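Subject: Handover of the model, with notes

Dear colleague,

As agreed, I am passing the structure on to you, and my notes on it come directly after it. Please read them with the structure open beside you.

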2 protein chains.
Amino acid sequence: MQRIANLLIIKDKQVLLLKKPRRDWYVAPGGKMEPGESIFKAAVREFTEETNATPIGTHLKGVYTMMIQEQGKTVDEWMLFTFAANHLTGDLFKETTEGILEWHPVEALATLPMAEGDRTNLQFAANQQGVQYGTFYYTPEFQLIEESIQSSIEEVNHPNE
Amino acid sequence: MQRIANLLIIKDKQVLLLKKPRRDWYVAPGGKMEPGESIFKAAVREFTEETNATPIGTHLKGVYTMMIQEQGKTVDEWMLFTFAANHLTGDLFKETTEGILEWHPVEALATLPMAEGDRTNLQFAANQQGVQYGTFYYTPEFQLIEESIQSSIEEVNHPNE
């Protein structure tokens, strides 16, 4: 089963996105996990490969089950792990073989062209506390059929209570 | 690829564990994700099936890549998603086809018989804030060969800052 990890930088009220050449859709930098990799290491490695920068304060924001369906049948199932970080170091690439790196205001996540499920999970990563979970059902052409979403916030334990 | 979700209840400084008959090893209640399920829904469903109770305040504590190795070769790879909750409702089973349900002090996680990787992740779930990530390398008999661990804590954003 394919496992993809991506990472959204949110810094000075802007997000760092990769504009992919095929459809001009925006994504967070990321890519395929390697065998034996942790999801955390995969997200940091893929981000660094695609941007030339190192994220700081990387933390998990979402875990998603992705179902690709054609004529009512599931033709593929994979997992997406979305991380966020609020800082980065290093000189960013401007353009890579994967696409063009661009900063956009957080609010632009509502309107920039992208897969509708990505809009749900990147807006959560940028604006909400905690971790989101869910299942996205897509056509093979990445039209969203349905989404089912849950989320949680960890209660902070105060040692003296 | 197999995906397992489990859930540790931590309540009144005690944890709810399932004693499995085969080796008398302790585990957190859980089981296999179904196709299309989110990891959150799988953890809650499996917990409820095995305990008859409903967890409250369920949140993710760990995501692990599990590598089973024999004579230096990987023979299986799967994913483990560990959740925690601090409350539950309903009448707990005492014994199920899966094993015996027992409450133990949190400190007992250090000494009760269990897979060594489970000891790492259940102690994290019970005692630490944030989310843990990592890879566990095991023999087919579940002797831990090696573990590689990372963790993160989300910075809380204060809207007025």
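The notes below go through the relation of the chains, the charged side chains, the aromatic rings and two backbone angles.

Please keep in mind throughout that this is a predicted model, and that the values that follow are computed from it.

**The two chains**

Chain A is superposed on chain B by a rotation of 180 degrees with 0.0 Å of shift along its axis, and the RMSD of that superposition is 0.0 Å. This is the relation of a two-fold axis, and the same surface serves both copies, since 100% of the contact residues of chain A recur in chain B. Within chain A, the residue that comes closest to the rotation axis is A:Met1, whose C-alpha lies at 2.7 Å from it.

According to the UniProt record, which is an unreviewed entry, residues 1-127 of chain A are covered by the annotation "domain: Nudix hydrolase". Over those residues, 1-127 of chain A, the chain is 20% helix and 47% strand, with 30 Å between the end C-alpha atoms.

**Charged side chains**

Over all chains, a search of the whole structure finds 18 salt bridges, and I describe some of them here. One of these joins A:Asp12 to A:Lys11, with 3.8 Å from N to O; A:Asp12 counts as exposed at 67% relative accessibility, while A:Lys11, with a relative accessible area of 28%, is partly exposed.

Another salt bridge in chain A is formed by A:Arg45 with A:Glu46, where the closest N and O atoms are 3.1 Å apart, and here both residues, A:Arg45 and A:Glu46, are buried. These two belong to a network of salt bridges that links A:Glu34, A:Glu37, A:Arg45, A:Glu46 and A:Glu49.

In chain B, the salt bridge that I would point out is the one between B:Arg45 and B:Glu37, whose closest N and O atoms are 2.5 Å apart. B:Arg45 is buried, with a relative accessible area of 18%, and B:Glu37 is buried as well, with a relative accessible area of 11%.

Where, then, is the nearest side chain of opposite charge to B:Asp118, which is buried yet has no salt bridge? That side chain is B:Arg119, and it is 9.3 Å away. B:Asp118 has its place in helix α2 of chain B, which runs over residues 116-127. If its neighbours within four places in sequence are left aside, B:Asp118 is in contact with B:Tyr26, B:Val27, B:Gln123 and B:Tyr138.

**Aromatic rings**

The search of the whole structure also finds 13 aromatic pairs over all chains. One of them is the edge-to-face pair of B:Phe40 and B:Phe83, with 6.1 Å from centre to centre and 80 degrees between the planes. Because B:Phe40 lies in helix α1 (residues 39-51) of chain B and B:Phe83 in strand β7 (residues 73-85) of chain B, the pair ties together parts that are 43 residues apart in sequence. B:Phe40 counts as buried at 16% relative accessibility, and B:Phe83 is buried with a relative accessible area of 0%.

A further pair is that of B:Phe136 and B:Tyr138, whose ring centres are 6.4 Å apart and whose planes stand at 40 degrees, so the pair is tilted. B:Phe136 counts as buried, at 0% relative accessibility, and B:Tyr138, which is also among the contacts of B:Asp118, is buried with a relative accessible area of 0%. In chain A, ring pairs link A:Tyr64, A:Phe136, A:Tyr138 and A:Phe142 into a cluster.

**Two backbone angles**

A:Phe142, a member of that cluster, has a positive phi of about 60 degrees although it is not a glycine. A:Phe142 is found in the loop between β11 (131-138) and β12 (144-152) of chain A, where it is partly exposed, with a relative accessible area of 26%.

In chain B, B:Asn52 likewise is not a glycine and yet has a positive phi, of about 75 degrees. The loop that holds B:Asn52 lies between α1 and β5 (54-56) of chain B, and B:Asn52 is partly exposed, with a relative accessible area of 39%.

With kind regards

Methods
Residues numbered from 1 in each chain as written. Chains lettered and ligands numbered in written order. Predicted model: local features only at pLDDT ≥ 70, side-chain atom pairs only at ≥ 80, totals over all residues. Heavy atoms only, no water. Salt bridge = Lys/Arg side-chain N within 4 Å of Asp/Glu carboxyl O. Buried < 20%, exposed > 50% of the residue type's maximum accessible area, 1.4 Å probe, protein only. Helix = DSSP H or I, 4+ residues; strand = E, 2+ residues; numbered from the N terminus. Lys, Arg positive; Asp, Glu negative; His and termini not counted. Contact = heavy atoms within 4.5 Å. UniProt positions renumbered as here; feature names shortened; annotations may be inferred. Least-squares fit on C-alpha atoms with pLDDT ≥ 70 in both. Phe/Tyr/Trp six-rings, centres within 6.5 Å; stacked < 30°, edge-to-face > 60°.
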